[in-house]
Amino acid sequence: MDVWNSKIQGIMDGHVHMDTIAEEASLLDICEATGITTMALVSIQDPAAGAGLPQSLYMKARYPERFFVFAGLNHATQLSGGRVKALSLAEQVDMFVELGCDGIKMIEGKPTSRQRMDIPVTDPYFAEYWARVEEVGLPIVWHVNDPEEFWNPERIPGWAKERNWGYGPDDVQKESLYAEVDEVLARHPKLKITFAHFYFLSADLERAGRFFDMHPTARFDLAPGVEMLYNLSRDPDASRAFFIKYADRIVFGTDLFSRLSVAQARARAGIVFRWLESEDTFHVPEEADFLLGPPEDGTIRGMALPVEVLTRIYRDNFIRLAGSVPCALNVSLAVEECRRLAAMAEVFSGTPAAETEAARVAMQLTSEECNE
Ligand SMILES: [Zn+2]
């Protein structure tokens with residue numbers, strides 16, 4: 001088996017997904033097996049299901065030193081045509097702070113998200129929100145764009161096509177999405193944004209460098225997008241030089257999710273470790289999850305980064321954004337918020353409130369409170 005462990009201790013993963021509290025033990029097993037010490041749970045909200053944020057709050061409550069929570073925005077009011085009353089986006093920011101969330105996760109900027117809600121981030125709908133986040137200083141992990149090949153029916157990978165991640169001329173285009181981000185950053189230059197998946201600029205390091213130079217508070221994370229590893233393996237020396245030059249701007253991430261088996265999780269984290277640390281030429285291992293595609297899709301060449309660069313990427317850069325220890329969860333407010341999300345889901349989609357993840361989490365958190 002093709003297992004690769006990091007030589008660095010105390011790795012902080014800035015990009016992990018928690019699918020459901022039924023997978024609590026699985027995620028702990030994944031931490032153990034990969035040697036990742038803390039995880040930022042990036043929590044995209046699904047207001048129709050009453051899920052997304054609650055399961056992450058639960059993990060924070062149970063393991064307060066291990067899990068950071070980056071809360072996604074709730075667009076229920078907009079998406080339900082006003083039937084559901086959610087807080088305004090700016091009010092949500094204040095609530096996340098009060099809850100003890102460590103940051104915000106955004107998916108608004110992935111073309112699929114735009115298909116669901118066609119509001120550019122430069123729209124007045126987001127105006128107060130951006131001002132509020134900038135003022136409060138919460139870090140954001142933001143998924144903007146997708147790999148170029150998703151707009152090209154001939155080049156889109158099979159695993160992406162199966163998920164309907166292929167886009168056409170009617171979808172928002174890659175350059176428009178980048179232009180919207182530039183506009184937001186011009187209006188709010190103090191925003192602390194980590195763009196997920198290397199901002200999908202791994203095929204153009206010159207442009208990535210220009211972006212960093214223009215936006216001193218921006219960072220990229222390393223969550224695969226396996227194309228990122230393939231693109232940056234074409235010229236490992238140039239990539240290595242880029243990573244050394246911008247060592248303060250790159251945040252480790254895996255996109256691990258709790259549903260993965262331990263073998264899949266080790267494969268996923270392992271390719272990133274090995275790519276950063278070794279000089280090896282290798283392929284994605286057979287046991288890797290579906291989203292990484294098959295081994296024959298590409299070749300990865302390690303960058304053998306120096307230890308002082310590795311520790312910044314694995315830990316220090318995240319600490320500068322979110323601190324070394326997660327914020328403390330306000331449990332009673334978390335219970336209240338979960339109950340509200342459960343009730344909103346019922347109005348929104350007819351899902352009985354009691355059957356939502358939010359309701360299950362509210363119940364767990366109250367029974368634990370009683371146990372204390
Ligand atoms: Zn992700």
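In what order do the strands of the open sheet run, and what is the sense of their pairing? Nine strands form that sheet, arranged β8-β7-β6-β5-β4-β3-β2-β1-β9, and the pairing is parallel. The model I am presenting this morning is a predicted one.

Let me begin at the margins of the sheet. Its edge strands are β8 and β9, the latter spanning residues 256-257, and each of them pairs on one side only. The neighbour of β9 is β1, residues 11-17, and two bridges in the parallel sense connect β1 with β9. One of the residues involved is His17, whose bridge partner in β9 is Phe257.

From β1 we move inward. Strand β1 is largely enclosed by the rest of the structure, because seven of its seven residues are buried. Strands β1 and β2 run parallel and are joined by four bridges. Here Asp13 has Met39 of β2 as its bridge partner. Strand β2 is also largely enclosed by the rest of the structure, since seven of its eight residues are buried.

Strand β2, residues 36-43, is in turn linked to β3 by five bridges, and these two strands run parallel. In that pairing, Val42 is matched with Phe70 of β3. Strand β3 covers residues 67-72, and six of its six residues are buried.

Which residues of β3 are buried on one side, and which on the other? Phe67, Val69 and Ala71 lie on one side, while Phe68, Phe70 and Gly72 lie on the other, and both faces are covered. As a general point, side chains in a regular strand alternate between the two faces of the sheet.

I turn now to the helices, starting with α4, residues 89-99, for which I shall describe two helix contacts.

The first is with α6, residues 124-136. The axes of α4 and α6 come within 7 Å and cross at roughly 30°. That crossing angle makes α4 roughly parallel to α6. On the α4 side the contact involves Leu89, Ala90, Val93 and Val97, and these meet Phe126, Glu128, Tyr129, Arg132, Val133 and Val136 of α6. By character, the residues of this contact comprise eight nonpolar, no polar and two charged.

The second is with α14, residues 331-349. In this case the axes of α4 and α14 are 9 Å apart, and the packing angle is about 140°. The two helices are therefore oblique to each other. Met95, Glu98 and Leu99 of α4 make the contact with Leu333, Ala334 and Glu337 of α14. The residues of this contact divide into four nonpolar, no polar and two charged.

The next topic is a pair of helices, α9 and α11, in which buried and exposed residues take opposite sides.

Within α9, the buried residues are Leu205, Ala208, Phe211 and Phe212. They cover an arc of only 115° around the axis, which puts them on the same side of α9. On the other side of α9, the exposed residues are Glu206, Arg207, Arg210, Asp213 and Met214. The background is familiar: an α-helix has 3.6 residues a turn, so residues three or four places apart point the same way.

Against which helix do the buried residues of α9 pack? They pack against α11. In α11, residues 236-245, the buried residues are Ser239, Arg240, Phe242 and Phe243. Viewed down the axis of α11, they fall within an arc of 160°, so they line one face of the helix. Asp237 and Lys245, on the other side of α11, are exposed.

The buried residues of α11 pack against several elements: α9 (205-214), α10 (226-232), α13 (307-322) and β8 (250-251). Strand β8 is also one of the edge strands with which I began.

Finally, a single residue. Thr112 is located in helix α5, residues 111-116. Is Thr112 buried, exposed or partly exposed? It has 15 C-beta neighbours inside 10 Å and therefore counts as partly exposed. Its C-alpha atom is separated by 8.7 Å from that of Tyr167, although the two residues are 55 residues apart along the chain.

To review the main points: the open sheet has nine strands paired in parallel. Helix α4 is roughly parallel to α6 and oblique to α14. The buried residues of α9 pack against α11. Thank you for your attention.

Note on methods
Residues are numbered from 1 along each chain as its sequence is written. This is a predicted model: local features need pLDDT of at least 70, side-chain atom pairs count only at pLDDT 80 or more; totals for chains, interfaces and linings use all residues. A residue is buried if 20 or more other C-beta atoms lie within 10 Å of its own, exposed if 12 or fewer, and partly exposed in between; C-beta atoms are placed from the backbone. The arc is that of the directions from the helix axis to the C-beta atoms. Two residues are in contact if their C-beta atoms, placed from the backbone, lie within 7 Å. Axes are lines fitted to C-alpha atoms, for helices over the stretch in contact, and angles run from 0 to 180 degrees between N-to-C directions. Angles under 35 degrees count as roughly parallel, over 145 as roughly antiparallel, 65 to 115 as roughly perpendicular and the rest as oblique. Ala, Val, Leu, Ile, Met, Phe, Trp, Tyr, Cys and Pro count as nonpolar, Asp, Glu, Lys and Arg as charged, and the others, Gly among them, as polar. Two strands pair if DSSP finds at least two bridges between them.
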